[in-house]
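Me: Got a minute to go through this one with me? I'd like to begin with pockets and then look at some helices.

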Amino acid sequence: MFLSRHFLSRRDAVIIIIVASVFYFVSALYIFPSTLSITSSDIKSDCNGVHFNSSSLVSQGSQLPPTQVIAHAPGWTLFRDLYMANGTLYILSSNESSHFPEVRKMISVSMKAEANPENIAAREPTEHQMSFITPDAARRRWGLNNDTTVRVSTVGGNTVRFHACCAHYYHFVAELLVGTKAFLHGAFSTPFLRSSPHIQRPLYTQSQQPSFDRAIFMHSDSKSWRDGPGFNAYFLRAAFPSITVEVSDDWQDRVDLTSDNTRAWHFPTAFLADRSSAFRGDACGSRTQRTAAEAWEFMVSRGALDLFGKWWDDVRTAVTRFAGGSFDEEQEVRIAYVSRQGGRRSLIQEDHERLVRELTSLVAKKRALNKPWALDVVEAQRMSKDEQVRLFSKATILLGVHGNGLSHLVLMNPQPASTVIEIFYPEGFAHDYEWTTRALGMKHYGIWNDT
């Protein structure tokens, strides 16, 4: 139920912003490179009239199905019938490469991204990352002629493949998972499937998005894909409880088994998301620096996503339910102030104490008027993961210094009053939490100490 009686007044918002305008120390921002792909082979959804079904082994003498691109935005591509041999992704087609999106906007070399010409050039893909192959060449190479042994196998189940690890909680959840969810929800939604030329943005889009069965971290061992606090694994398992995980050794097995290029793996449906490729698009590279922006803007422009964050509801709900959270129809206006005192980004202690006093006073005044307001001063490091999820899923206003603690905005239930207030070092700004907040249908305010 939307909050119809307890909206923030303009005066309330101004008070919160004023008391949050303080001096504090902040360190430099870091952005970590990451790429993921999702391959699925048991999808029964009908996408533009194409049914995605699979068999475990391509029959001897049968024709290999050609590769098709179902949907594409820079860094995010949904294929039908993609192939892999010796670590190379193959597009099987009789058409020239000009019939497909630019390879550099689909995939890149997996390496840490640095903002210098040498690194940027090194991340440009070669034929080892993705290549084109004709049907005749594929039959000769992979043994699909009548007199040879079948050497193309289908990978069963819906598979998530992370081409490069992104261990930071924000980049893992708020970019990779948010972008993936936005793209797949949109790609399998009714407006996108119908491909209507008369796009009308819906209040809520129904989607036949497939589930995840397997996650493969191709270049990460069992520890390096996890963040320090452990929220990457927690979120992945809670949101997708049936998922299994493979790591770099498991992926290398698949590469080794096709290293002579006489065999191939067949992915009837493949979703490929690549961080560096997303930065080659306008939405990410020129405006927001958020990889998920390419996926989100593409689907919004086609009427396949709502603007209120409802497309994210099932993920948020699954994680909240896993933590034992409740789903009250009538919510309090609940302020969650994330305290970073003692950390490398923190407020001056006097200002932190003043902020807590003013927020406490504001809530007390509201409660004296019989308005259900509440305040949580959060020290996340002292809380269990379940406790954090339960608390932030109830938050109406999330307030704090720029940092990873604000990543929990992905747990907030978007309501008309839902707001994230982010405190920056004077003249500093980053799009991280601002973009994610707005993409999930909530308001964002960034403040310095001059408000």
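**Pocket first, then helices**

Me: How much space lies in the largest pocket?
Reply: About 430 Å³. Keep in mind that this is a predicted model.

Me: Which residues are closest to its centre?
Reply: P229, A380, Q381, Q388 and G405, out of the 19 residues that line the largest pocket.

Me: And the lining by class?
Reply: The lining of the largest pocket has ten polar, six nonpolar and three charged residues.

Me: OK, switching to helices. How do the axes of helix 4 and helix 6 cross?
Reply: At roughly 30°, and they come within 9 Å. Helix 4 covers residues 169-187 and helix 6 covers residues 231-239. Angles under 35 degrees count as roughly parallel, so helix 4 and helix 6 are roughly parallel to each other.

Me: Which residues make the contact?
Reply: Helix 4 brings Y169, F172, V173 and L177, while helix 6 brings F231, N232, F235 and L236. By class that contact has seven nonpolar residues, one polar and no charged ones.

Me: Now helix 14: mostly covered or not?
Reply: Mostly covered. Helix 14 spans residues 432-439, and seven of its eight residues are buried. Those are D432, Y433, E434, W435, T436, T437 and A439.

Me: What do the buried residues of helix 14 pack against?
Reply: Three helices and two strands: helix 4, helix 9 (282-288) and helix 10 (292-301), plus strand 18 (419-423) and strand 19 (443-447).

Me: Which residue takes a positive phi just after helix 14?
Reply: G441, with a phi of about 85°.

Terms used: Residues are numbered from 1 along each chain as its sequence is written. This is a predicted model: local features need pLDDT of at least 70, side-chain atom pairs count only at pLDDT 80 or more; totals for chains, interfaces and linings use all residues. Side-chain values use heavy atoms; hydrogens and water are left out. Axes are lines fitted to C-alpha atoms, for helices over the stretch in contact, and angles run from 0 to 180 degrees between N-to-C directions. Helices (H or I, at least four residues) and strands (E, at least two) are DSSP runs, numbered from the N terminus. Angles under 35 degrees count as roughly parallel, over 145 as roughly antiparallel, 65 to 115 as roughly perpendicular and the rest as oblique. Contact means heavy atoms within 4.5 Å. Ala, Val, Leu, Ile, Met, Phe, Trp, Tyr, Cys and Pro count as nonpolar, Asp, Glu, Lys and Arg as charged, and the others, Gly among them, as polar. On a 1 Å grid over the protein atoms alone, a cavity is a set of points where a 1.4 Å probe fits but cannot get out, and a pocket is an open set with protein on both sides within 12 Å along at least five of seven lines; lining residues have an atom within 4 Å of a point. Grid points are joined across faces, edges and corners, and a volume is the space filled by probe spheres set on the points. Buried means under 20% relative accessible area, exposed over 50%, partly exposed in between (1.4 Å probe, protein chains only).
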